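Let's take a quick walk through this structure, going from charge pairs to surface patches and strands.

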Amino acid sequence: MKEEVTYKLDRIANIWNHFIWEYDFCKRKIKFTPEIQTNYFGDILDYFQDTFDIIFDNKESESHSDRFSNQISLLQSIYVQQDFIEELLYIFKCGIDKGDLKKDSNYYINRDIRNELVGHPIRKYKGEFISSCLFGYNGGQNKVVYLRYHKDNDYKFESMEFPIPEIVERHKEFLNVYFDKILAKLKRILLSFAKQIEKVERLVDSQDFNEILNIASVYYESIFKDTYIYDKESLLKIYARKDEHRRYQNLIDKFYKDLRNGLKETKEYSIELFEPRKQIDISEREKPIFDIKFIDTKEIGFSDIERPVTYHYELGKIATKRNPMDFDFFGGCLKRKCAKNKLVLNELDHMEMNMYDDIEYYTAYQLICTELKEE
């Protein structure tokens, strides 16, 4: 029962993490207040995840006190999730407030049960006694039962009974309706964002470099976090020197490639998030065909197996460990592997001489990666 609402909440979280949090264009479409810039939104998502099991997994009770504890947890979790839905509707500017929610029976029936039994079991208004409620002992596992004395009934005894499956079903419908409304709003935001991405894609091939950086800073600022020296100031300095040495032109070429790929992948992902869920029929899956051949391992010597030379480990180390001792060790390993590659040796020397100059160090590093095809 909880799979559907969990799936929808996960989509909301993915959109938040990959689009709302990353791009000012998307932030401007919602109420991205200073409070929301804290871990506030993450706390809401975590609370949902932590309470789904309480709501949707009917826990066995071994005693009356266990049953009361489980039912209080159920009603209180539903109550808080309702409050968080109200908050999410506000954050995403869905145009739905608490007054609208109070008209929804899937909201107010469950909320009234919680308020009466858990929130205000003894209720007074301006000193006047209104009602009192007490848990009943005859509800069993699948029913919330409480005894009520209420002013509206001349304080006559009433036994209030609410099947738990109905409470849970109402809440599930409540979550589905409002998660769908939030996702509909997010879909409009992402469709608008995808159109802006398409415009940027067209401009990449027609605008000068400085203008491309300005456009990216407005519509695709995540590119500047993509790798070392992708900040605007460094990129402009490197671009001005692109004719001096291959390392500078290589970095600019890499930036263009990363920008084009990033724009394409971001646009595709924004569309993919709203594609229908794929259902896989197990009976229709193709069974794997195994073509088993037995080989006598004694006939194969370890010396006959040629292992390809890799550079990933050493490159990873010199990208992060920028001090003379570490560079001497890992850079030395790379030099021995590339003893016949003059370009790599020259760029390693350049890195060593410019260890604390980000532009010189990382443009040389990226040229080595390009040369060794280890991007």
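## Charge pairs inside helices

Let's begin in helix α10, which covers residues 246-272: Glu 268 and Lys 264 sit four residues apart there, so about one helical turn separates them. Their side chains meet in a salt bridge, with N to O at 2.8 Å. Keep in mind that this is a predicted model. On the solvent side, Glu 268 comes out as partly exposed, at 39% relative accessible area. Lys 264 is partly exposed too, with 43%.

Helix α9 (residues 232-240) has a pair with matching spacing: Glu 233 and Lys 237 are four residues apart, which puts about one helical turn between them. Here the closest N and O atoms of the salt bridge are 3.5 Å apart. Glu 233 counts as exposed because its relative accessibility is 52%, and the cut-off for that label is over 50%. Lys 237, at 46%, is partly exposed.

## A bridge between two helices

How many salt bridges does a search of the whole structure find? The count is 23. One of them joins the side chains of Asp 53 and Lys 2, at 2.3 Å from N to O. Asp 53 belongs to helix α3 and Lys 2 to helix α1 (residues 2-20), so this contact ties together parts of the chain that are 51 residues apart in sequence.

How buried or exposed are the two partners? Asp 53 is partly exposed, with 40% relative accessibility. Lys 2 is also partly exposed, at 25%. As a bit of background, side chains of opposite charge can pair when their charged atoms come close.

## Two surface patches

Now for the patches. Which residues gather in a patch of positive charge on the surface? They are Arg 28, Lys 29, Lys 31 and Lys 93. Lys 29 is placed in the loop that runs between α2 (24-27) and α3 (40-56). Its relative accessible area is 34%, so Lys 29 is partly exposed.

There's a nonpolar patch on the surface as well, formed by Ile 122, Phe 129, Tyr 149, Tyr 155 and Phe 157. Together these residues offer about 500 Å² of accessible area. Tyr 149 sits in strand β3, which spans residues 143-150. With a relative accessibility of 35%, Tyr 149 counts as partly exposed.

## The β1-β2 hairpin

Ile 122, one of the nonpolar patch residues, brings us to the hairpin, where it stands opposite Ser 132 in β2. Strands β1 (residues 122-125) and β2 (residues 128-135) run antiparallel and are joined by four bridges.

Two residues lie between the strands of this hairpin. If you're checking backbone torsions, look at Lys 126: this residue takes a positive phi near 50 degrees.

## A buried loop residue

Last stop: Ile 223. Where does Ile 223 lie? You'll find Ile 223 in the loop between α8 (209-219) and α9. Is Ile 223 buried or exposed? At just 3% relative accessibility, Ile 223 counts as buried, because that label applies under 20%.

For a sense of distance across the model, pair Ile 223 with Met 325. The two are 102 residues apart along the chain, and 32 Å separates their C-alpha atoms.

How values were computed
Residues are numbered from 1 along each chain as its sequence is written. This is a predicted model: local features need pLDDT of at least 70, side-chain atom pairs count only at pLDDT 80 or more; totals for chains, interfaces and linings use all residues. Side-chain values use heavy atoms; hydrogens and water are left out. Patches are made of residues with over 30% relative accessible area and no salt bridge: like charges are joined within 9 Å, nonpolar side chains (Val, Leu, Ile, Met, Phe, Trp, Tyr) within 5 Å. Accessible areas come from the Shrake-Rupley method with a 1.4 Å probe; for residues, only the protein chains shown count as cover. A salt bridge is a side-chain nitrogen of Lys or Arg within 4 Å of a carboxyl oxygen of Asp or Glu. Buried means under 20% relative accessible area, exposed over 50%, partly exposed in between (1.4 Å probe, protein chains only). Lys and Arg count as positive and Asp and Glu as negative; His and the chain ends are not counted. The place of a charge is taken as NZ of Lys, CZ of Arg, CG of Asp or CD of Glu. Two strands pair if DSSP finds at least two bridges between them.
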